[in-house]
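The following exercises concern salt bridges and the exposure of the residues that form them. Please study the structure before reading each solution.

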Amino acid sequence: MSDNQASLTAGGKSLDMPIKSGTIGPDVIDIRKLYAQTGMFTYDPGFTSTASCDSALTYIDGDEGVLLHRGYPIGQLAEHSSFMEVSYLLLNGELPSQQELADFSRTITRHTMLHEQLSTFYRGFRRDAHPMAIMCGVVGALSAFYHDSTDISDPQHRKISSHRLIAKMPTIAAMAYKYSVGQPFVYPDNKLSYTGNFLKMTFGVPAEEYEVIPEVEKALDRIFILHADHEQNASTSTVRLAGSSGANPFACIAAGIACLWGPAHGGANEAALNMLKEIGTPDRIQHYIERAKDKNDPFRLMGFGHRVYKNYDPRATVMQQTVREVFAALNVQDPLFETALRLEEIALSDPYFIEKKLFPNVDFYSGIILSAIGFPTTMFTVLFALARTVGWVAQWNEMISDPGQKIGRPRQLYTGPTQRDYVPLSQR
Ligand code: CMC
């Protein structure tokens with residue numbers, strides 16, 4: 001056996017399997033011939049040890065708390081870059097020149113309007129519908145409105161649909177909010193930045209001038225950067241799996257939105273703020289820490305723990321700094337921030353959390369900022385979806401452009417009944 005091969009003996013057969021190396025990160029054992037040569041599958045529910053694809057987009061070192069987009073550390077991007085620039089980077093692999101960034105931003109801006117008929121689509125929803133339900137429906141419906149960019153074998157179609165999705169997501173999200181509060185939809189304003197435009201479409205009203213507060217615009221843009229991509233997480237894997245069948249990109253992103261909604265994933269930002277509200281004051285923290293540790297209690301600290309990070313989530317560090325900046329800009333305070341800081345402190349010195357390596361993740365502080373800006377909790381996951389769209393789209397493009405791409409089709413360990421004969425109804 002050579003150094004770059006792993007050997008396995010199973011079912012009386014032995015097999016040498018190639019070990020593949022990426023540019024950084026753990027090597028992988030290529031098991032693709034396993035079934036053909038041994039008649040066995042691997043078993044890894046939850047994909048804890050399975051690499052599902054090659055990807056050159058995002059790298060995470062969970063033990064060290066490192067997150068790189070196309071090689072650039074998230075902290076540097078959050079401090080120096082913009083969401084538009086990070087979007088270009090994720091889609092194209094390199095940071096843009098000034099001209100490339102200007103051209104890209106202009107292209108995205110020109111796609112921000114929605115087909116007018118889509119506004120009537122909203123009226124089919126109840127006013128109290130969760131905005132994520134609206135997002136799933138409206139984004140899925142885009143394929144019915146933009147037929148001219150659904151031929152996935154055409155790179156130009158893929159490019160246009162990618163631009164449309166990134167550009168229209170803020171408009172769709174803001175309209176979901178407007179619908180829930182009974183205010184008129186606000187059309188995009190092409191003078192504004194991507195994030196400024198979203199703020200105006202969300203909080204502006206036709207009766208008044210809306211002025212974007214630069215500090216808030218910057219903070220929200222940074223939050224978008226922090227959520228832009230995160231390698232093969234559940235929703236991204238959903239987008240890839242949906243896309244692997246050849247489904248159109250609008251349908252695939254709608255599938256990603258549906259997956260993101262869950263409280264173990266993007267829904268955790270809403271759940272984390274609700275949890276902080278329920279805890280209320282620091283004197284009640286210990287009770288909730290005990291509940292989180294109790295195996296008979298389903299309660300978990302929301303915004304804590306991560307499948308990959310076994311160290312502080314680097315996005316949570318930036319998020320915590322951003323809370324202070326937004327409070328200063330808006331001249332507000334939120335006692336829940338003190339509760340959150342104290343909760344973090346208590347959890348990080350508790351043997352349960354230390355042993356299990358549970359740290360605050362991106363969702364722990366984000367709700368406090370979004371709430372200070374004025375977003376209701378139900379919009380938090382919508383903002384995550386808005387920002388993650390570029391990651392989903394970039395990952396979908398990477399997959400579709402791969403000539404070796406195959407439909408995703410996991411196998412299973414069957415535990416149901418063995419074959420038996422049908423019993424007529426009269427005899428049961
Ligand atoms: N509070 C209390 N205990 C926890 C928590 C928590 N938040 N997270 C994990 N644990 C315990 C869990 O009970 C288990 O204990 P044991 O080994 O004794 O059974 C151990 O830690 C490992 O947990 P797991 O559920 O097997 O780990 P996982 O990798 O399958 O789940 C997770 C990761 C993020 C779903 C989980 O940590 C969790 O539910 N966190 C709360 C929800 C949350 O904040 N999600 C946002 C993730 S970051 C944003 C995103 O990517 O969407």
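**Exercises on a predicted model**

Asp103 has a relative accessibility of 31% and therefore counts as partly exposed. The model is a predicted one.

**Exercise 1.** Determine which residue forms a salt bridge with Asp103, and state how the two are placed in helix α4.

*Solution.* Step 1: the partner is Arg106, and the closest N and O atoms of the pair are 3.4 Å apart. Step 2: a salt bridge requires a separation within 4 Å, and 3.4 Å satisfies this cut-off. Step 3: helix α4 covers residues 98–110, and because Arg106 and Asp103 are three residues apart in this helix, about one helical turn separates them. Step 4: Arg106 has a relative accessibility of 46%, so this residue is partly exposed.

**Exercise 2.** Classify Arg32 and Asp30 as buried or exposed.

*Solution.* Step 1: the side chains of these residues, Arg32 and Asp30, meet in a salt bridge with an N to O distance of 2.8 Å. Step 2: buried means under 20% and exposed means over 50% relative accessible area. Step 3: Arg32 stands at 67%, so Arg32 is exposed. Step 4: Asp30 stands at 16%, so Asp30 is buried.

**Exercise 3.** Classify Arg315 and Asp313 by the cut-off for buried residues.

*Solution.* Step 1: a salt bridge of 2.8 Å, N to O, links the side chains of Arg315 and Asp313. Step 2: Arg315 has a relative accessible area of 2% and is therefore buried. Step 3: Asp313, with a value of 0%, is buried.

Terms used. Residues are numbered from 1 along each chain as its sequence is written. This is a predicted model: local features need pLDDT of at least 70, side-chain atom pairs count only at pLDDT 80 or more; totals for chains, interfaces and linings use all residues. Side-chain values use heavy atoms; hydrogens and water are left out. Buried means under 20% relative accessible area, exposed over 50%, partly exposed in between (1.4 Å probe, protein chains only). Helices (H or I, at least four residues) and strands (E, at least two) are DSSP runs, numbered from the N terminus.
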